[in-house]
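This report describes the fold of a single protein chain for readers at the bench. It begins with one pair of strands and then turns to the sheet, its turns, one helix and the chain as a whole.

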Amino acid sequence: MGGFAIIRQMNADLHCHSTVSDGCLEPAAVVRRAYDNGVTLLALTDHDELDGASEAAREAARLGVRFVPGVEVSVTYQNVTVHVVGLGVDPENPALQAGLARVRSGREERARRMSDALARAGLGGMLSGARRFARNPTMIGRAHFARYLVASGVMPDVRTVFDHYLSHGKPGFIPHRWADLEEAVCWIRGAGGVAVLAHPARYCQRLSTAAFDRLFDLFVAAGGEGVEVVAGAHSPEEAQRFATVARRRGLLASVGSDFHGEGESPVDVGRCNPLPPDLEPVWSRLT
């Protein structure tokens with residue numbers, strides 16, 4: 001067992017983002033915000049990118065926050081984008097680094113296609129505008145386009161941009177092929193980490209019941225060990241549902257805000273509800 005095995009409840013946030021991917025704050029600033037909100041165990045889990053881990057770890061050590069290196073890997077499952085969080089990974093692991101670099105490699109072309117699609121919808125100059133909001137040019141994505149549209153006064157907030165232009169079926173949505181589920185879990189486990197299925201309630205509307213159950217089957221068969229029970233995007237009812245899934249499948253339970261920035265995320269970093277006390281928390285496997 002890891003160093004947190006006996007602690008069932010703590011203010012943990014094991015899913016949040018920085019400017020290294022599509023968050024609004026620098027890695028150290030995310031840590032400071034988490035500390036101010038009472039977080040005692042934090043994982044920075046940028047999309048397909050590990051470059052913020054060292055900065056975040058230094059700031060966490062300065063403040064006395066236990067820090068876990070993490071990453072959120074983009075996966076394609078039955079033409080739906082699914083996210084797998086890796087916790088406790090070695091940021092220097094060559095296979096993980098190579099896999100993430102491959103996943104990132106298609107983002108530039110996707111951004112160009114997204115800009116072209118938005119231009120056809122009457123919104124020109126989107127790519128250059130989105131670049132202004134992406135600190136890491138290799139990680140340009142939908143959030144950066146959304147922030148530019150808000151800053152330009154086209155839409156009132158990021159959520160409205162997604163609802164009108166960037167979510168599935170909308171004019172600016174561009175499908176993309178990410179990693180396979182099995183290889184994402186393999187990269188995480190090979191780097192010494194624990195694989196956690198992120199915010200599973202998000203996938204329910206786009207997958208049939210059979211396909212959703214099959215997702216869990218494949219995830220567990222590949223070596224996945226955890227599920228986000230409490231997530232920023234989960235309602236209390238959804239948290240109860242996935243607590244039941246964790247019990248039935250013997251999965252570790254994780255909690256994460258999926259914080260990107262103030263005003264953009266439904267839950268601030270460190271402000272999630274606690275896990276049900278009977279579940280084994282994922283930090284029991286972390287050192």
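In this predicted model, strand β2 (residues 41–44) and strand β3 run parallel to each other and are joined by four bridges. Within that pairing, Ala-43 is placed opposite Val-68 of β3. Strand β3 itself covers residues 66–77, and 10 of its 12 residues are buried, so that the strand is mostly covered.

**The sheet**

The pairing of β2 with β3 is one part of an open sheet of seven strands, which follow the order β1-β2-β3-β4-β5-β6-β7 with mixed pairing. β1 (12–13) and β7 (252–256) occupy the edges; each has a single partner strand, and therefore one side of each has no neighbour in the sheet.

On its other pairing, β3 meets strand β4 (residues 80–87) in the antiparallel sense, over eight bridges. Two residue pairs illustrate this contact: Thr-76 stands opposite Thr-81 in β4, and Glu-72 has Val-85 of β4 as its bridge partner. Strand β4 is largely enclosed by the rest of the structure, because seven of its eight residues are buried. β4 also pairs with strand β5 (residues 194–197), again in the antiparallel sense, through four bridges. Here Gly-86 is found opposite Ala-195 in β5.

Towards the β7 edge, strand β6 (residues 226–231) and β7 run parallel and are joined by five bridges. One of the residue pairs in this contact is Gly-226 with Leu-252, the latter in β7.

In a regular strand, side chains alternate between the two faces of the sheet.

The strand pairings described above are collected here.

| Strand pair | Sense | Bridges |
|---|---|---|
| β2 and β3 | parallel | four bridges |
| β3 and β4 | antiparallel | eight bridges |
| β4 and β5 | antiparallel | four bridges |
| β6 and β7 | parallel | five bridges |

**Backbone angles in the turns**

Most residues other than glycine have a negative phi. Which residues depart from this pattern here? The hairpin of β3 and β4 has two residues between the strands, and Gln-78 in this hairpin takes a positive phi near 50°. Asn-79 likewise has a positive phi, near 65°, although it is a residue other than glycine. Asn-79 is located in the loop between β3 and β4, and it counts as exposed because its relative accessibility is 68%, above the 50% limit.

Asp-258, also not a glycine, has a positive phi of about 60° and belongs to the segment after β7. Asp-258 is buried, because its relative accessible area of 8% falls under the 20% limit.

**Helix α6**

Helix α6 (residues 142–151) is mostly covered, with seven of its 10 residues buried. The buried residues are Ala-143, His-144, Phe-145, Ala-146, Arg-147, Tyr-148 and Leu-149. What do these residues pack against? Their packing partners are the helices α4 (107–120), α5 (126–131) and α7 (158–166). After α6 comes Gly-153, which has a positive phi near 85°.

**The chain as a whole**

The chain contains 10 helices and seven strands. Its radius of gyration is 18 Å; a compact globule of 287 residues would have a value near 19 Å, so the chain agrees with that expectation. The C-alpha trace spans about 55 × 45 × 40 Å along its principal axes.

Of the 287 residues in the chain, 56% are buried. Among contacts with a separation of 6 or more, 74% are between residues 24 or more positions apart. The accessible surface amounts to about 12,100 Å², and carbon and sulfur atoms contribute 49% of it. The chain has 31 positive and 33 negative charges, and the mean positions of the two groups are 3 Å apart.

Note on methods: Residues are numbered from 1 along each chain as its sequence is written. This is a predicted model: local features need pLDDT of at least 70, side-chain atom pairs count only at pLDDT 80 or more; totals for chains, interfaces and linings use all residues. Side-chain values use heavy atoms; hydrogens and water are left out. The radius of gyration is taken over C-alpha atoms; the globule rule is 2.2 Å times the number of residues to the power 0.38. Buried means under 20% relative accessible area, exposed over 50%, partly exposed in between (1.4 Å probe, protein chains only). Contact means heavy atoms within 4.5 Å. Accessible areas come from the Shrake-Rupley method with a 1.4 Å probe; for residues, only the protein chains shown count as cover. Lys and Arg count as positive and Asp and Glu as negative; His and the chain ends are not counted. The place of a charge is taken as NZ of Lys, CZ of Arg, CG of Asp or CD of Glu. Two strands pair if DSSP finds at least two bridges between them.
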